[in-house]
Amino acid sequence: MNNGEKTVLVLQGGGALGAYQAGAYEILAAGGYQPDWVAGISIGAINAALICGNPPAERRASLTAFWETITSELRAPLWLGGDAARRAYTEAAALAVASTGVPGFFRPRPLPAFWPMLDHPAASLYDTAPLVETLQALVDFDYLNDKGPRLSVGAVDVETGNFTYFDSTTTRIGPEHILASGALPPGFPAVEIDGRHYWDGGLVSNTPLQYVMESAGEEPLCVFQIDLFSARGPLPPDLGAVAQRQKDIQYSSRTRLTTDRYKTLHDLRAAALRLRDRLPKDLRDDPDLAALCAIGGGSARTLVHLIHRKERFETQSKDYEFSRLSMHEHWAAGAKDAQTTLHHPDWIARQTGLDGLQVFDLAERTP
């Protein structure tokens, strides 16, 4: 159901919150929005690889296998009474992750590895070797590179601080590129690729939206921006809430910034085109005017926000709280928001093929 548009998924980083993206993908795919291109950062890069590295009929199973593997040691308790007990369980689960790691994802390094007298003491708290094995088991990298949707994952060069994208249209993607995009220090180690070392792309931008908008060319796009942190939220009443709100603002800021920037660029382009039509013919080919008429791209762009918004049980540890209970709730929230969007009257009535940028945010929920 692309109406001539290319479908793009833009997947923000956010650790354990990434199950929200899996739930949203499930509903979008069922609604006919299988992606032509997936761009991701951090956990978004992992979800992107699971999608792009499997045929459409196998993608949900691959996502399910991953999320059930990494939450297998933190299954839900039989009973939790009230919000206070739920939040206590959340904090206990996050503490367990910090202490013992996550199966199929990362494990803590032994204390002797940090001894400063070693020739090469550990430069990260955890070892991500288990994630390599998980990716190799659940992602068909030959399919990803030869047949799957376009995949783009962002990382940061540790030594230069420059943002880098590994794109399957120009680079043969392997597990190392996915690990690089999610190598958040000091938890995870830098990943070496072709002699350069990379950290998590979220250090520079937690969303690949800007890369998609700048690299898309002229084809019409329907972009589903699936965010894990909300820029909007209430004034925090205590220190715990302050830490959570700080994280939300820090990791969500680029989405609104990029959206607003491209809306402005499209509006400027439209104004320049109107001005050109009013000018004498001998001035319409002026190169400066041509440059103004080209900014922001000339194709139709639809941008859809699907944003994970704070759940009542969440605390500042929400991005590393890998319990099975929270995973299911985040997955369900993503599915619900996608379902709400696809059935919203404004979405059903939208006109495709219109020049410029249309923005939809139709699934806002009250926590």
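What follows is a walk through a single protein chain, from its overall dimensions down to a handful of individual residues. Please keep in mind that the model is predicted.

Let us begin with the whole chain. It is built from 12 helices and 11 strands. For 367 residues, a compact globule would be expected to have a radius of gyration near 21 Å, and the value of 22 Å for this chain agrees with that. If you align the view with the principal axes, the C-alpha atoms fill a box of roughly 75 × 50 × 45 Å.

Next, consider what is inside and what is outside. Of the 367 residues, 51% count as buried. The accessible surface comes to about 16800 Å², and carbon and sulfur atoms account for 56% of that area. The chain carries 34 positive and 44 negative charges, and the mean positions of these two sets are 5 Å apart. As for how the chain folds back on itself, take the contacts between residues at least 6 apart in sequence: 74% of them join residues at least 24 apart.

A good place to see such links is the aromatic side chains. Searching the whole structure turns up 16 aromatic pairs. One of them is formed by tyrosine 126 and phenylalanine 188, in an edge-to-face arrangement with 6.4 Å from centre to centre and 80 degrees between the planes. The two partners come from distant parts of the chain, 62 residues apart: tyrosine 126 sits in strand S4 (residues 126-127), while phenylalanine 188 belongs to the loop between helix H7 (175-181) and strand S7 (191-193). Both tyrosine 126 and phenylalanine 188 are buried. The pair is also part of one aromatic cluster, made up of Phe66, Trp67, Phe105, Phe106, Tyr126, Phe188 and Phe322.

Tyrosine 126 deserves a second look. Why does tyrosine 126 count as buried? Its relative accessible area is 13%, and the cut-off for buried is under 20%. Once neighbours within four places in sequence are set aside, tyrosine 126 is in contact with Val97, Ala98, Phe106, Arg107, Pro108, Arg109, Gly187, Phe188 and Pro189. To place tyrosine 126 against another part of the model, try leucine 239: the two are 113 residues apart in sequence, and their C-alpha atoms are 27 Å apart in space.

The loop between H7 and S7 has another feature to inspect. Proline 186 is found in this loop, and the peptide bond joining proline 185 and proline 186 is cis, with omega at about -5 degrees.

If you are checking backbone torsions, two further residues are worth visiting. Serine 42 is not a glycine, yet its phi is positive, at about 60 degrees. This serine 42 lies in the loop between strand S2 (37-40) and helix H2 (43-52), and it is buried, with a relative accessible area of 13%. Aspartate 194, likewise not a glycine, has a positive phi of about 50 degrees. You will find aspartate 194 in the loop between S7 and strand S8 (196-200). With 79% relative accessibility, aspartate 194 counts as exposed.

Another exposed position is histidine 120, at 73% relative accessibility, in the loop between strand S3 (107-108) and S4. From histidine 120 to asparagine 206 the C-alpha distance is 30 Å, for a sequence separation of 86 residues.

Two buried residues round off the tour. Alanine 94 is in helix H4 (residues 82-100) and has a relative accessible area of 2%. Which residues does alanine 94 contact, leaving aside its neighbours within four places in sequence? They are Ser317, Tyr320 and Glu321. Glutamate 321 is 227 residues from alanine 94 along the chain, but their C-alpha atoms are separated by 4.3 Å.

Threonine 302, in strand S10 (residues 300-307), counts as buried at 2% relative accessibility. Not counting residues up to four places away in sequence, threonine 302 touches Glu5, Leu221, Cys222, Val223, Trp347, Arg350, Gln358 and Phe360. For leucine 257, the C-alpha distance to threonine 302 is 16 Å, with their positions 45 residues apart in sequence.

Note on methods: Residues numbered from 1 in each chain as written. Predicted model: local features only at pLDDT ≥ 70, side-chain atom pairs only at ≥ 80, totals over all residues. Heavy atoms only, no water. Helix = DSSP H or I, 4+ residues; strand = E, 2+ residues; numbered from the N terminus. Rg over C-alpha atoms; globule rule 2.2 N^0.38 Å. Buried < 20%, exposed > 50% of the residue type's maximum accessible area, 1.4 Å probe, protein only. Contact = heavy atoms within 4.5 Å. Areas by Shrake-Rupley, 256 points an atom, 1.4 Å probe, with all protein chains shown as cover. Lys, Arg positive; Asp, Glu negative; His and termini not counted. Charge placed at Lys NZ, Arg CZ, Asp CG, Glu CD. Phe/Tyr/Trp six-rings, centres within 6.5 Å; stacked < 30°, edge-to-face > 60°.
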